[in-house]
Amino acid sequence: FTEFKLRGPGRYDLNPPALQSDPAFAFFRSDEAPWTATCRSILGDDMKCIAMGCMLSMPGSDSQPMHQDGPHYNEKQHAPPYAINVFLPLVDISVENGGTEFWLATHRLGHYDDEAPSVVLLAKAGTPLLFDYRVRHRGLANRSQTPRPGAIRRRRRRLLLAATGGAFCATGTGEFDARGLRLPGTARLGS
């Protein structure tokens, strides 16, 4: 999305210019943010930010369908995380305004559809929630009278890999399209 995307009734993904340039959000853009060391320990020193934006759940919005933010890039054996979501609530998350529900161990290859137990994470504003890009999750309904905004930053390993099946591209510089075909005028990393 460029600036605004409807995710469902009362649910929006936003990419406001202020997030990219306003000094108030400099801490979120910074490679020295408090969660960066944790991301680096999981993804490596050469990790890259691939997305940054805001999510907004308005009063009365329903729960999202269960989903994962990205597939496994290796369908033959489980691999370590290649992408981490950093979700930063901008208001306290409560039962009333809806937390995020996660299904335990569903990030493991072959376990997405397991009848796994779930947990709902509630947090104070400004408390980062980090999770594997592949875990099954959903935002819960906002039953409060106020919006529930949050900032999201997605980081991933610098991979030079395009998945088969055409649904996903995980490259270091975006030189492949979603079908895994090299885009004109691009070169391999390190070439």
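**Close-up views of a predicted model**

**View 1. Phe102, a buried ring in the predicted model.** Phe102 has a relative accessible area of 7% and is therefore buried, since the limit for that class is under 20%. The model shown here and in the other views is predicted.

**View 2. The aromatic pair of Phe102 and Phe131.** Four aromatic pairs are found in a search of the whole structure. One of them joins Phe102 to Phe131 in an edge-to-face arrangement, with 4.9 Å from centre to centre and 65° between the planes. The two rings connect distant parts of the chain: Phe102 belongs to strand β5 (residues 100-103) and Phe131 to strand β7 (residues 129-132), 29 residues apart. Phe131 also counts as buried, because its relative accessibility of 11% falls under 20%.

**View 3. The ring cluster of Phe27, Phe28 and Trp35.** Phe27, Phe28 and Trp35 are linked into a cluster by ring pairs.

**View 4. Strands and helices along the chain.** The chain contains 11 strands and three helices. Read from the N terminus, the elements follow the order β-β-α-α-α-β-β-β-β-β-β-β-β-β. Of the contacts in the chain with a separation of 6 or more, 71% are between residues 24 or more positions apart.

**View 5. Burial and surface of the chain.** The chain has 191 residues, and 38% of them are buried; Phe102 and Phe131 are among the buried residues. The exposed area of the chain is about 10200 Å², of which 56% comes from carbon and sulfur atoms.

Note on methods. Residues are numbered from 1 along each chain as its sequence is written. This is a predicted model: local features need pLDDT of at least 70, side-chain atom pairs count only at pLDDT 80 or more; totals for chains, interfaces and linings use all residues. Side-chain values use heavy atoms; hydrogens and water are left out. Helices (H or I, at least four residues) and strands (E, at least two) are DSSP runs, numbered from the N terminus. Buried means under 20% relative accessible area, exposed over 50%, partly exposed in between (1.4 Å probe, protein chains only). Contact means heavy atoms within 4.5 Å. Accessible areas come from the Shrake-Rupley method with a 1.4 Å probe; for residues, only the protein chains shown count as cover. Rings of Phe, Tyr and Trp (its six-membered ring) pair if their centres lie within 6.5 Å; planes under 30 degrees apart count as stacked, over 60 as edge-to-face and the rest as tilted.
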